[in-house]
Amino acid sequence: MGVVQHIPAGERGVIRVFDLDMRPEQARFLREPGALAQVLGIEEIDLDHVEIFPISDLEELGLVGYLTEGCGVPADQITGDGETLQALTGHVLLVRSHAFGGQETHLTPATPITLIGAYGEQRPQWTGTPIQTESAKPFTAPRLSPRAGRSKARRIGASLFAVIMTLIILAVLKMVT
């Protein structure tokens, strides 16, 4: 077993990169339900938030480019591991925080799986001044009493019924003549 990795409850925006020192068919098998969870030493993992691929698929972009340009990891986070990431060959495993479903988890990866690093994705800056218009305030629409609401709905329904019936009668009369 590898080094134990602690994932805190509610963690968001972290991508863990693992080197898979195994044959290509073994790496492909990790996509099967339950296989990856077993080799990571956990009960379950959401495979929708996991990527397993050969580094050669990235061609000239490379793993560093994929992490910074494709996954939104700031380049300054990778500078210390850049040489290690570029030197990797074979298959890699990328696991996003959402793969653990917000639960606290302890990973104990099997021997051929080595953690290279954990990198935070860039988070959008949600800043702005509050909207001050009247329409942005809650409950600005005129309120109807339940009785008035039902009455209005009946009037609309009766009007639609009358229009549809008129169209049907006109269609029947046109067919008869």
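Helices are taken here as DSSP runs of H or I spanning at least four residues, and they are numbered from the N terminus. In this predicted model, helix α6 covers residues 146-176 and includes V172. The relative accessibility of V172 is 44%, and V172 therefore counts as partly exposed, since that class lies between the buried limit of under 20% and the exposed limit of over 50%. V172 also belongs to a nonpolar patch on the surface, which it forms with I156, L160, F161, I164, M165, I168 and V176, and the accessible area of these residues together is about 770 Å².

A surface patch of negative character is formed by E43, E44, D46 and D48. Of these residues, D48 is placed in the loop that runs between α2 (35-40) and β3 (50-54), and it counts as exposed because its relative accessibility is 70%.

The loop between β3 and α3 (62-70) contains E59, a residue other than glycine for which phi nevertheless takes a positive value, near 50 degrees. Most residues other than glycine have a negative phi. With a relative accessible area of 61%, E59 is exposed.

A buried loop position is provided by S97, whose relative accessible area is 2%. S97 is located in the loop between β4 (91-96) and β5 (105-107), and, when neighbours within four places in sequence are left aside, S97 is in contact with E11, R12, G13, V14 and R16.

Definitions and conventions: Residues numbered from 1 in each chain as written. Predicted model: local features only at pLDDT ≥ 70, side-chain atom pairs only at ≥ 80, totals over all residues. Heavy atoms only, no water. Patch = residues over 30% accessible without salt bridge, like charges linked within 9 Å, V, L, I, M, F, W, Y side chains within 5 Å. Areas by Shrake-Rupley, 256 points an atom, 1.4 Å probe, with all protein chains shown as cover. Salt bridge = Lys/Arg side-chain N within 4 Å of Asp/Glu carboxyl O. Lys, Arg positive; Asp, Glu negative; His and termini not counted. Charge placed at Lys NZ, Arg CZ, Asp CG, Glu CD. Helix = DSSP H or I, 4+ residues; strand = E, 2+ residues; numbered from the N terminus. Buried < 20%, exposed > 50% of the residue type's maximum accessible area, 1.4 Å probe, protein only. Contact = heavy atoms within 4.5 Å.
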